[in-house]
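Okay everyone, thanks for coming. I'd like to walk you through a protein chain today, and please have a look at it on the screen while I talk.

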Amino acid sequence: MNLQIRLRRLVFELGGQTAGLLILISTLLIHPIGTIALDIDSGGSLFKQHCSGCHVNGGNIIRRNKTLRLKALERNGLDNPQAIARVAREGIGQMSGYEDVLGDSGDQLVAAWIWAQAQNAWTQG
């Protein structure tokens with residue numbers, strides 16, 4: 001029997017409480033950690049190609065208080081990768097959106113990479 005079918009049956013039998021955990025497990029089985037790491041690296045490449053001209057090391061050469069550092073992101077209501085992806089895709093204030101150049105799901109990749117960098121105070125290595 002297919003693993004996904006078995007997981008669906010188990011979710012149905014156990015109810016909603018453990019559904020989140022089972023979904024996480026099935027996601028990791030379908031998309032191994034190495035793939036997730038590759039996606040984060042892709043986000044870094046997209047950032048370097050399209051964003052680093054203005055946001056060098058998480059800063060902002062145009063508007064100093066609109067950086068990509070954690071405190072500034074939180075202060076501006078960008079406290080999760082989805083909010084950052086929206087800005088990357090649609091733009092905000094003086095910044096244009098980059099949906100066309102980032103490609104399919106590029107906004108999500110860049111946002112995940114930015115969020116990871118912000119969580120690590122933009123220290124490389």
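Before anything else, one word we'll need: a residue is called buried when its relative accessible area is under 20%, and exposed when that value is over 50%, with partly exposed in between. Here's a first case: Asp-107 has a relative accessibility of 8%, so it counts as buried. Keep Asp-107 in mind, because at 8% it's on the buried side of that cut-off, and we'll come back to it.

Also, please remember that what you see is a predicted model.

Now the overview. The protein chain has seven helices and two strands. If you read along the sequence, you go through five helices, then the two strands, then two more helices: α-α-α-α-α-β-β-α-α. There are 125 residues, and 29% of them count as buried. The accessible surface comes to about 8,500 Å², and carbon and sulfur atoms account for 55% of that. And if you take the contacts between residues at least 6 apart in sequence, 44% of them join residues at least 24 apart.

Let's go inside. In soluble globular proteins, nonpolar side chains tend to be buried together. So which residues have the most contacts inside the largest nonpolar core here? They are Phe-47, Leu-73, Ile-84, Val-110, Ile-114 and Trp-122, and the core as a whole has 20 residues. Helices α3, α5 and α7 each supply at least two residues of this core. The most comes from α7, which gives seven.

Let me zoom in on one of these, Ile-114. You'll find Ile-114 in helix α7, which covers residues 106–119. Its relative accessible area is 5%, so Ile-114 is buried. What does Ile-114 touch, if we don't count residues up to four places away in sequence? It touches Phe-47, Leu-68, Ile-84 and Trp-122. Take the pair with Phe-47: Ile-114 and Phe-47 are 67 residues apart along the chain, but their C-alpha atoms are separated by 8.1 Å. Now look from the Phe-47 side. Beyond its neighbours within four places, Phe-47 is in contact with Ser-52, His-55, Leu-68, Val-110, Trp-113, Ile-114 and Trp-122.

Next stop, helix α5, residues 81–90. At its start, a side-chain oxygen of Asn-80 reaches to within 3.0 Å of the backbone nitrogen of Gln-82. After the helix comes Gly-91, with a positive phi near 85°. The buried residues of α5 are Ala-83, Ile-84, Ala-85, Val-87 and Ala-88. And what covers them? The cover includes α4, β1, β2, α6 and α7.

Okay, back to Asp-107, as promised. Side chains of opposite charge can pair when their charged atoms come close. How many salt bridges does the structure hold? Two. In one, the side chains of Asp-107 and Arg-89 meet, at 2.3 Å from N to O. This pair links distant parts of the chain, with Asp-107 in helix α7 and Arg-89 in helix α5, 18 residues apart. Since these bridges share partners, Arg-89, Glu-90 and Asp-107 are joined into one network. The other bridge is between Arg-89 and Glu-90, and there the closest N and O atoms are 3.8 Å apart.

So are these partners buried or exposed? Asp-107, as we said, is buried at 8%. Arg-89 has a relative accessible area of 24%, so it's partly exposed. Glu-90 is at 52%, so Glu-90 counts as exposed.

Now a loop. Asn-60 sits between α3 (33–50) and α4 (70–75). With a relative accessible area of 15%, Asn-60 is buried. Its side chain reaches the backbone nitrogen of Ile-62 at 2.8 Å. A polar atom of the Asn-60 side chain also lies 2.9 Å from the backbone oxygen of Lys-66. Leaving aside neighbours within four places, Asn-60 is in contact with Cys-54, His-55, Lys-66 and Thr-67.

Last one: the outside. Ile-92, Met-95, Tyr-98 and Val-101 make a nonpolar surface patch of about 320 Å². Tyr-98 belongs to the loop between β2 (95–96) and α6 (99–102). Its relative accessible area is 31%, so Tyr-98 is partly exposed.

That's my tour, thanks for listening!

Technical notes: Residues numbered from 1 in each chain as written. Predicted model: local features only at pLDDT ≥ 70, side-chain atom pairs only at ≥ 80, totals over all residues. Heavy atoms only, no water. Patch = residues over 30% accessible without salt bridge, like charges linked within 9 Å, V, L, I, M, F, W, Y side chains within 5 Å. Areas by Shrake-Rupley, 256 points an atom, 1.4 Å probe, with all protein chains shown as cover. Salt bridge = Lys/Arg side-chain N within 4 Å of Asp/Glu carboxyl O. Helix = DSSP H or I, 4+ residues; strand = E, 2+ residues; numbered from the N terminus. Buried < 20%, exposed > 50% of the residue type's maximum accessible area, 1.4 Å probe, protein only. Contact = heavy atoms within 4.5 Å. Polar contact = N/O pair within 3.5 Å; in protein donor to acceptor, adjacent residues only side chain to side chain. Core = buried A, V, L, I, M, F, W, Y, C linked by side-chain atoms within 4.5 Å.
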